[in-house]
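Hi,

Here is the structure I promised to pass on. Have a look at it first, and then read my notes underneath.

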Amino acid sequence: MIVAALLPLGLFLFPLWRITLEAPQYPTPLAMNIHVNDFSDVHPHDIKNINLMNHYVGMQYIPEAIPEFKIFPTGILITSFIGLLIGWKGNYKWFLGWFILMLVLSAAGMYDFYLWEHDYGHNLDPKAIMKFTNKDGTVMGFQPPLFGTKDILNFKAHSYPQFGALFLGLGIASGFLAYFVGKKNKSTA
Amino acid sequence: MKKRLTSTIAIAMIFAAFTSCNNSGKTNGQSGALSSNVAEKVYVAPGEYDEFYAFISGGYSGNLTVYGLPSGRMFKEIPVFSQFPTSGYGYSEETKPMLNTSHGFIPWGDSHHPDISQTAGEIDGRFIFINENNTPRIAKIDLKTFETTEIIEVPNSAGNHSSSFVTENTEYVVAGTRFSVPIPQRDMPIKEYKGNFQGALSFISVAPETGNMDIKFQVLMPGFNYDLSHPGRGKSHGWFFFTTYNTEEASTLLEVNASQNDKDFIAAVNWKKIEEYVNNGGGTMMPADYAHNVYDEHTHTATSTMKKEVRVVNPSEVPGAVYFLPTPKSPHGCDVDPSGEYIVGNGKLSANLTVHSFTKMLAAIEGEKFDGEAYGIPILKFEDVLAGSVEQPGLGPLHTEFDGKGNAYTTFFISSEVVKWKLGTWEVIDRKPTYYSVGHLTIPGGNSGKPQGKYMFAMNKITKDRYLPTGPEMEHSAQLYDISGDKMELLLDFPTHGEPHYAAAMRADLIKERSQKIYDLEDNKHPYAAKSDDDTKVVRKGNEVHIYMTTIRSHFSPDNIEGIKLGDKVYFHVTNLEQDFDVPHGFAVLGQNTSELLIMPGQTKTSVWEPTKVGVWPFYCTDFCSALHQEMQGYIRVSAANANTPLIWSMGEDIE
């Protein structure tokens with residue numbers, strides 16, 4: 001359980017998610033890493049260049065900081081602390097509670113990410129240089145996929161988890177595992 | 001004598017006629033089924049890369065062109081000694097100082113022999129040096145940016161031709177003089193040439209880390225013509241060899257008067273010995289006047305400094321430093337094989353090709369077997385230094401290169417061919433025609449201990465019917481040969497720009513990996529840079545107006561400027577804020593009396609505009625930068641000299 005509680009801390013070392021944009025003119029694709037506390041370039045100046053591309057269709061600039069960059073790290077620190085605490089106290093039933101808590105929080109995080117992406121892709125400048133409409137006449141959005149790959153005009157956008165997410169996932173899974181191991185130990189004891 | 005020469009030429013003509021017959025037969029034999037095989041050898045599929053870079057001098061274009069081999073495709077023209085309106089080189093305020101000399105600003109040059117820097121006798125691909133023949137200068141091009149970053153003028157020199165070859169650790173880039181002149185320059189009768197004119201051989205040191213050039217010393221030689229040169233390498237490292245002609249010291253009708261001596265010389269210069277002498281305070285500081293121009297890639301600006309003295313050394317001060325090796329008939333190319341043992345003197349009026357031995361030369365010096373002296377410089381005996389000669393290989397030998405497998409390749413201008421021969425046995429192995437009248441040839445890695453002998457290309461002086469006609473004036477032509485087998489195989493014709501003399505070539509990998517994509521905006525230290533739209537401004541200082549302008553897809557900031565008056569000198573300092581690979585922006589304003597600017601990402605360039613008419617004049621981006629390129633424009637309002645229009649500027653809103 002201690003391991004489970006520590007693993008999510010890997011999020012401070014590795015990016016959580018990556019959005020990659022491919023197009024013929026970008027033999028080296030543009031890509032942005034999302035960390036729990038930062039956005040970062042994959043190659044130098046990628047974010048600047050993504051912003052430059054996106055301003056043609058009226059998308060906002062990717063912000064330097066978002067409130068989540070404070071909330072997420074705090075959340076992870078608190079849940080890790082709770083995990084350590086219950087790991088130390090050692091009641092396996094609490095492990096399940098921690099597991100469920102983590103699942104809920106992660107789902108909330110993904111939902112928040114979706115909301116931001118949706119806003120980023122749909123809240124367009126009315127003076128946008130180029131305006132595109134869908135076949136039904138509604139304004140075309142440019143929201144990157146939550147997970148997977150999607151064609152957006154001349155770009156192919158990929159959105160996939162990174163090492164940080166793996167650490168989080170392993171942490172959550174270990175919590176669940178710890179619950180079963182704890183349960184088994186209890187029943188055999 | 002004259003009769004003998006005539007008969008030699010007649011024999012050689014017949015000889016050449018025979019050989020060209022043979023060759024045309026072979027060439028015809030290769031068309032048809034085999035020719036598709038040849039096409040494959042030079043085909044580089046779309047999106048794939050050539051195996052070699054070739055840096056081909058532009059001759060009277062003053063520049064250097066970059067090609068790929070085996071495709072023969074041209075990638076870039078690097079401006080060096082000539083103004084280049086394409087990028088604004090030599091027109092922008094930042095680069096004008098690059099073309100400054102002791103004779104003032106010179107917009108043109110005659111570039112000749114590029115040579116790539118070396119480490120331990122191997123090409124390292126850091127810098128490429130090239131000489132300017134007319135107003136003697138040596139330039140250095142940084143192969144990280146493919147831009148000219150330094151030019152040093154060479155005083156006491158004229159016809160800077162036996163240049164710019166580097167020693168095996170790039171200790172020196174060496175510049176000889178084809179025309180001897182009075183040193184120091186003075187007002188004197190031309191007919192008093194003999195005994196009074198001198199030839200300066202300049203050893204320009206190259207700082208190991210920065211590559212900064214400085215004239216360490218000049219050796220003041222007798223008034224011959226120092227035609228070409230090459231460094232010793234391996235065992236002969238520490239020596240430098242120069243061919244000479246006009247040892248007759250004629251000053252008029254040289255085609256006859258400089259062709260009288262049966263033998264001229266190769267001058268062997270022990271530069272290590274002279275360097276030691278100079279390091280111990282030897283030589284004399286002599287008043288001189290020469291420009292040293294350095295481009296700083298952080299300020300994106302060149303500065304020109306006038307230097308006032310140069311260290312000169314008289315060879316008689318340093319016994320044992322210079323010797324003359326008699327070499328038949330006005331030798332042109334002076335080429336040293338990869339081992340450093342053989343020194344080839346390409347006697348351009350000789351029927352044979354003379355090869356000297358470095359080992360024998362040392363032995364002859366040791367034995368003090370001299371055949372007299374010239375101006376105090378010992379002359380060695382021809383027989384004592386001769387390694388061998390290639391008998392009647394062709395007519396008009398000019399230059400020799402090596403494949404690193406024991407073979408040499410010599411160009412013959414008059415018989416228009418390349419001849420492959422074997423070092424040591426001096427036997428001719430193969431010959432192939434060139435189209436037409438070949439000058440230099442290049443094997444990648446040429447001037448080094450390790451040539452990369454897969455391809456060879458010949459740079460020809462006459463084009464005539466090789467391509468679709470383009471009127472009386474045509475580009476020159478080069479031919480690429482596969483030299484991996486016993487026999488040379490002609491693969492490709494490709495046109496070259498200007499009048500290519502020599503070329504330097506090397507495997508692409510080293511350079512390719514280091515090639516820079518953008519200039520970092522954070523590192524931009526240009527005093528007039530605006531690093532964001534917020535930094536833009538317009539400042540008046542008397543009648544000078546400085547516009548701190550930015551470009552980014554797809555606008556200028558500011559793009560509306562008012563308050564300029566007739567008589568003003570307007571400086572457009574344009575910073576390209578882009579930080580993406582290959583997104584330059586251009587700048588041009590109506591009535592601009594200089595060239596456009598082409599500004600790379602992160603760079604600042606300045607164009608001066610002195611408007612002559614009242615009005616509202618547009619400026620625009622000249623490089624198709626983006627989908628909104630056509631919208632990338634602005635206006636500048638010019639009022640009468642006595643007008644009261646306030647100095648205002650804006651972007652994205654109407655000027656208040």
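**What I found**

Let me start with a pair of strands in chain B: E36(B) and strand E37 (residues 544-552) run antiparallel to each other and are joined by 5 bridges. One thing to keep in mind throughout is that this is a predicted model. Within that pair, B:Arg540 has B:Val545 of E37(B) as its bridge partner. The two strands form a hairpin with 2 residues between them, and B:Gly542 in this hairpin takes a positive phi near 65°. How many of the 5 residues of strand E36 (residues 537-541) of chain B are buried? The count is 0, so to speak a strand that is hardly covered.

Next, the sheets. Chain B has an open sheet of 4 strands, with antiparallel pairing and the order E31-E32-E33-E34. Why do E31 and E34 of chain B each have one side without a neighbour in the sheet? Strand E31 (438-442) and strand E34 (489-496) stand at the edges, and each has a single partner strand, so nothing in the sheet sits along the other side. Ignoring direction, neighbouring strands in this sheet are turned by 25° against each other on average.

If you want a spot to look at in that sheet, try the join between E31(B) and strand E32 (residues 455-460) of chain B: they run antiparallel, with 3 bridges between them. There you will find B:Thr442 opposite B:Phe457, the latter in E32(B).

Chain B also has an open sheet of 6 strands, and here the pairing is mixed. Going across, the order is E42-E41-E44-E45-E39-E46. Strand E42 (597-599) and strand E46 (648-650) of chain B are the edge strands, each pairing on one side only. From one strand to the next, the twist averages 25°.

Inside this sheet, strand E41 (residues 585-589) and strand E44 (residues 615-620) of chain B are antiparallel and joined by 2 bridges. B:Ala588 stands opposite B:Tyr620, which belongs to E44(B).

Last, the place where the two chains meet. The contact involves 6 residues of chain A and 5 residues of chain B. Which classes of residue does chain A bring to the side that touches chain B? By class, there are 3 nonpolar, 2 polar and 1 charged.

That's my tour; over to you.

Cheers

Conventions. Residues are numbered from 1 along each chain as its sequence is written. Chains are lettered from A and ligands numbered from 1 in the order in which they are written. This is a predicted model: local features need pLDDT of at least 70, side-chain atom pairs count only at pLDDT 80 or more; totals for chains, interfaces and linings use all residues. Two strands pair if DSSP finds at least two bridges between them. Axes are lines fitted to C-alpha atoms, for helices over the stretch in contact, and angles run from 0 to 180 degrees between N-to-C directions. Two residues are in contact if their C-beta atoms, placed from the backbone, lie within 7 Å. Ala, Val, Leu, Ile, Met, Phe, Trp, Tyr, Cys and Pro count as nonpolar, Asp, Glu, Lys and Arg as charged, and the others, Gly among them, as polar. A residue is buried if 20 or more other C-beta atoms lie within 10 Å of its own, exposed if 12 or fewer, and partly exposed in between; C-beta atoms are placed from the backbone.
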